[in-house]
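Please examine the sequence and the three-dimensional structure shown below before reading further. The report is intended to be read beside them.

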Amino acid sequence: MRVHHLVGAKQRGEKLTMLTAYDAVTARILDEAGTDMLLVGDSLGNVMLGYDSTMPVTLDEMVVATRSVARATQRALVVADLPFGTYEAGPQQALASAVQLMRVGANAVKLEGGRPRAEAVRALTDAGIPVVGHLGFTPQSVNKLGGFRVQGRGEDAAEAMLADAAALVQAGVVALVLEMVPEPLAARVTEAVPVPTIGIGAGPQCDGQVLVWTDMAGMTQWQPRFVRRFGQVGAALRQAVEDYNQAVRAGSFPGAAESFAD
Ligand code: KIV
């Protein structure tokens, strides 16, 4: 997958798939299963590092995760999140941060926000770094937004999101993530922009979908209402570990075939 495939897919009406990935062992499985894009999301913070939000995630942590995912990925486009505090100061800061992620194998970076980020998007694009935008509920602004809330309700908010999308497209984004946006508005944005929209809690009319892999695979207990569980990986892992513990304690593992006779 390369960035030009994204627009091609939109033009042909082919839906794009994206999942988060944070490490090599998982990235290899998601890539081999044919996922179009792997997002090294700053959800790394909540999902893997035990933080309460994405806010504490550092660029160094994103660099380690991005390097791991990129090394294990053959086909998918690897998109890495710019974490909170690494791009908001302006184009120079955004460029310095994005370079670090591109150097370890990202094919594109993602950043949150609309018109105030257009200048940074332009600078990265001019430097040859593809950028994915992120509108709607933007987790790095959770304090300003007052919690996990659907964004873009009402005509004024809808117009503002359409203006944000237009500004980001004008600045050069190659795709737009829409998070927790009412379905009709996501459809309007999708219709209005030439680049693919990738929805998460934004309905079926987006050009593609993204989910946090641990949510969709059933690794976690709690999940947002827009997530569908496509597997029970957590339960399968728990069962495997219980079986292993039991076999070791009973002395049935390792058996003859799992030992060296000499
Ligand atoms: O960090 C992340 O996982 C994300 C997705 C929710 C889009 O940004």
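This report describes helix packing, an aromatic pair and several buried residues. The model is predicted.

## Two helix pairs

Helix 5, which comprises residues 91–103, packs against helix 6, residues 118–126. The angle between the two is about 45°, and their axes lie 8 Å apart. Helix 5 is therefore oblique to helix 6, since an angle counts as roughly parallel only under 35 degrees and as roughly perpendicular from 65 to 115. The crossing of helix 5 and helix 6 is right-handed. On the side of helix 5, the residues that meet the partner are P91, A94, L95 and A98. On the side of helix 6, they are E119, A120, A123 and L124. By class, the contact of helix 5 with helix 6 contains 7 nonpolar residues, 1 charged residue and no polar ones.

A second pair is formed by helix 8 and helix 9. Their axes come within 10 Å and cross at roughly 30°. Helix 8 is therefore roughly parallel to helix 9, because angles under 35 degrees are placed in that class. The crossing of helix 8 and helix 9 is also right-handed. Helix 8 contributes E155, A158, E159, M161, L162 and A165 to the contact, and these residues meet L185, R188, V189 and A192 of helix 9. The contact of helix 8 with helix 9 is made up of 7 nonpolar and 3 charged residues, with no polar ones.

## The surroundings of helix 1

Helix 1 spans residues 3–12, and its buried residues are L6, G8, A9 and K10. Which elements do the buried residues of helix 1 pack against? They pack against four strands and one helix, namely strand 1 (16–20), strand 2 (37–40), strand 3 (77–81), strand 6 (175–179) and helix 9 (183–192). Helix 9 thus appears both here and in the contact with helix 8. After helix 1 comes G13, which has a positive phi, near 75°.

## An aromatic pair

The structure holds 2 aromatic pairs. One of them joins F137 and F148, whose ring centres are 5.0 Å apart and whose planes form an angle of 40°, a tilted arrangement. The pair links distant parts of the chain, with the two residues 11 residues apart. F137 is in the loop between strand 5 (131–136) and helix 7 (142–145), while F148 is in the loop between helix 7 and helix 8 (155–171).

Are the two partners buried or exposed? F137 has a relative accessible area of 0% and is buried, because the limit for that class is under 20%. F148 has a relative accessibility of 61% and counts as exposed, because that class begins over 50%.

## Four further buried residues

The following table gives the relative accessibility of four residues.

| Residue | Relative accessibility | Class |
|---|---|---|
| D164 | 16% | buried |
| M180 | 13% | buried |
| V227 | 9% | buried |
| T138 | 8% | buried |

In the contacts listed below, residues up to four places away in sequence are not counted.

M180 is found in the loop between strand 6 and helix 9. M180 touches both members of the aromatic pair, F137 and F148, together with R149, V150, Q151, I200, G201 and F226. M180 and L135 are 45 residues apart in sequence, yet their C-alpha atoms are 9.0 Å apart in space.

D164 has its place in helix 8. The residues that D164 touches are G114, R115 and L135.

T138 lies in the loop between strand 5 and helix 7, where F137 is also located. The contacts of T138 are with E112, G113 and L145.

V227 belongs to the loop between helix 10 (213–216) and helix 11 (233–250). V227 touches L211, D215 and M216. How many Å separate the C-alpha atoms of V227 and A96? The separation is 34 Å, and the two residues are 131 residues apart along the chain.

Technical notes:
Residues numbered from 1 in each chain as written. Predicted model: local features only at pLDDT ≥ 70, side-chain atom pairs only at ≥ 80, totals over all residues. Heavy atoms only, no water. Axes fitted to C-alpha atoms, helices over the stretch in contact; angles between N-to-C directions. Parallel < 35°, antiparallel > 145°, perpendicular 65-115°, else oblique. Left-handed = near helix turned anticlockwise from the far one by under 90°. Contact = heavy atoms within 4.5 Å. Nonpolar A, V, L, I, M, F, W, Y, C, P; charged D, E, K, R; others polar. Phe/Tyr/Trp six-rings, centres within 6.5 Å; stacked < 30°, edge-to-face > 60°. Buried < 20%, exposed > 50% of the residue type's maximum accessible area, 1.4 Å probe, protein only.
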